[in-house]
Amino acid sequence: AQNTESPGFSMTHFFTDNWENVQNFKARPDDVLIATYPKAGTTWVSYILDLLYFGQTSPERQTSVPIYERVPFLELIVPKFVPGLDQVERLPTSPRLIKTHFPVQFVPKSFWEQNCKIIYVARNAKDNMVSYFHFDSMAMIEPDPGDWNNYFQRFMQGKVVTGSWYDHVNGWWKKKQTSPNVHYMFYEDLVEDTGREIDKLCSFLGLSPSEDERKRITGGVQFDKMKKNNMTNYSTHARMDFKTGSFMRKGRVGDWKNHFTVAQNEEFDEDYKKKMKDPTLQLRTDL
Ligand code: A3P
């Protein structure tokens with residue numbers, strides 16, 4: 001959406017204005033990094049992690065601290081907002097849960113040097129695009145998305161704030177093959193079986209919640225619960241325009257069918273084949 005206070009806000013803000021500081025970030029060995037292309041399920045996985053680590057020990061956090069403050073956005077630098085780096089430094093808890101939308105090659109090197117655990121979440125491109133389109137109309141820190149067809153073209157060309165979705169998911173997938181510290185998750189798997197995915201996450205992180213705790217978390221992170229929860233639905237965020245939509249919008253697999261025309265779908269699939277050559281990386285568009 002149009003940001004009247006800083007028109008022309010774009011990718012350059014995130015990536016260059018704060019570049020050196022972010023690149024020099026000093027990770028701690030127990031930091032947990034959540035990396036995503038925006039709208040792939042960042043908030044969902046952030047909330048799962050927050051409950052796994054702090055659900056028992058800090059119950060007050062659950063009713064008083066919004067998820068975007070519990071899990072700060074590392075490279076965020078937006079007028080009138082505490083920069084992500086400062087938010088991370090101020091975190092009272094350990095481990096620190098940190099979010100980034102960086103493609104893999106931009107992740108500050110200390111995360112690798114410190115052997116931090118990193119969780120990547122990917123979502124199928126079509127739904128990811130649709131979700132981003134709606135988000136860009138409501139988020140005042142994002143440029144206006146323009147009309148759907150225009151957005152559709154720009155997404156395929158990588159001309160949206162976070163750049164190419166294709167490079168993002170492919171780059172992280174490649175990294176995961178050689179890095180045991182990267183856990184690669186899929187939004188669609190979470191929709192299909194949240195409990196199973198939480199179990200996998202726990203074994204990656206070396207956590208063993210009780211059966212009760214596991215049930216409580218699996219139930220608490222379902223879409224309807226998170227949509228009603230003011231600490232997870234972004235309703236307290238100053239830079240969202242809730243007149244134009246909601247952050248917890250649909251939470252489904254396959255909503256792209258309500259947006260893509262038949263011709264767009266063909267064009268998309270054709271282009272997709274050229275950019276997604278690795279047969280081991282499969283993203284499901286239907287469930
Ligand atoms: P939609 O716009 O398709 O509804 P992010 O947190 O990366 O910005 O991603 C936001 C997307 O994840 C939104 O997608 C949102 O509804 C969806 N989402 C968030 N929590 C969810 C949950 N518990 N179950 C399913 N989808 C969820």
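Colleague: In which helix do lysine 275 and aspartate 271 both lie, and how many residues apart are they?

Modeller: In this predicted model, the side chains of lysine 275 and aspartate 271 meet in a salt bridge, with 2.8 Å from N to O. The two residues stand about one turn of the helix from each other. The helix that holds both is α15, and their separation in sequence is 4 residues.

Colleague: Is aspartate 271 buried or exposed?

Modeller: Its partner lysine 275 has a relative accessible area of 29% and is partly exposed. For aspartate 271 the relative accessible area is 18%, and the limit for a buried residue is under 20%. Aspartate 271 is therefore classed as buried.

Colleague: How many residues apart in sequence are the parts that lysine 257 and aspartate 286 tie together?

Modeller: The side chains of lysine 257 and aspartate 286 form a salt bridge with an N to O distance of 2.4 Å. Lysine 257 lies in the loop between α14 (223–228) and α15, whereas aspartate 286 belongs to the segment after α15, so the pair joins parts of the chain that are 29 residues apart.

Colleague: Which residue forms a salt bridge with glutamate 192, and where does that partner lie?

Modeller: The closest N and O atoms of this salt bridge are 3.1 Å apart, and the pair links distant parts of the chain, 92 residues apart. Glutamate 192 sits in helix α11 (residues 187–192) and is partly exposed at a relative accessible area of 40%. The partner, itself partly exposed at 30%, lies in the segment after α15 (262–275) and is arginine 284.

Colleague: How many salt bridges does a search of the whole structure find?

Modeller: The pairs discussed above include glutamate 192 with arginine 284 and lysine 257 with aspartate 286. For the whole structure, the search gives a total of 17 salt bridges.

Colleague: Which residues come nearest to the ligand, and what share of the ligand's accessible area does the protein cover?

Modeller: Of the 18 residues around the ligand, those that come nearest are Thr42, Thr43, Ser131, Lys250 and Gly251. Oxygen atoms of the ligand take part in several polar contacts, including one at 2.4 Å from a polar side-chain atom of threonine 42 and one at 2.6 Å from a polar backbone atom of lysine 250. On its own the ligand has 570 Å² of accessible area, and the share of this that the protein covers is 97%.

Colleague: Which element gives the largest share of the shell around the ligand?

Modeller: By class, the shell is made up of 8 nonpolar, 6 polar and 4 charged residues. The elements that contribute two or more residues to the shell are α3 (42–54) and α14. The largest share, 3 residues, comes from α3.

Colleague: What is the phi value of lysine 39?

Modeller: Lysine 39 is found in the loop between β1 (32–36) and α3, and at 13% relative accessibility it counts as buried. Its phi is a positive value in a residue other than glycine, near 80°.

Colleague: Where is asparagine 115 found?

Modeller: Asparagine 115 also has a positive phi, near 55°, in a residue other than glycine. With a relative accessible area of 52%, asparagine 115 is exposed. Its place is the loop between α7 (109–113) and β3 (117–122).

Colleague: Is the peptide bond from serine 94 to proline 95 cis or trans?

Modeller: Proline 95 has its place in the loop between α6 (84–89) and β2 (97–100). The omega of the bond from serine 94 to proline 95 is near 0°, and the bond is cis.

Note on methods
Residues are numbered from 1 along each chain as its sequence is written. This is a predicted model: local features need pLDDT of at least 70, side-chain atom pairs count only at pLDDT 80 or more; totals for chains, interfaces and linings use all residues. Side-chain values use heavy atoms; hydrogens and water are left out. A salt bridge is a side-chain nitrogen of Lys or Arg within 4 Å of a carboxyl oxygen of Asp or Glu. Buried means under 20% relative accessible area, exposed over 50%, partly exposed in between (1.4 Å probe, protein chains only). A residue is near a molecule or strand if one of its heavy atoms lies within 4 Å of it. A polar contact is a pair of N or O atoms within 3.5 Å; within protein, one must be able to donate a hydrogen and the other to accept it, and residues adjacent in sequence count only if both atoms are side-chain atoms. Accessible areas come from the Shrake-Rupley method with a 1.4 Å probe; for residues, only the protein chains shown count as cover. Ala, Val, Leu, Ile, Met, Phe, Trp, Tyr, Cys and Pro count as nonpolar, Asp, Glu, Lys and Arg as charged, and the others, Gly among them, as polar.
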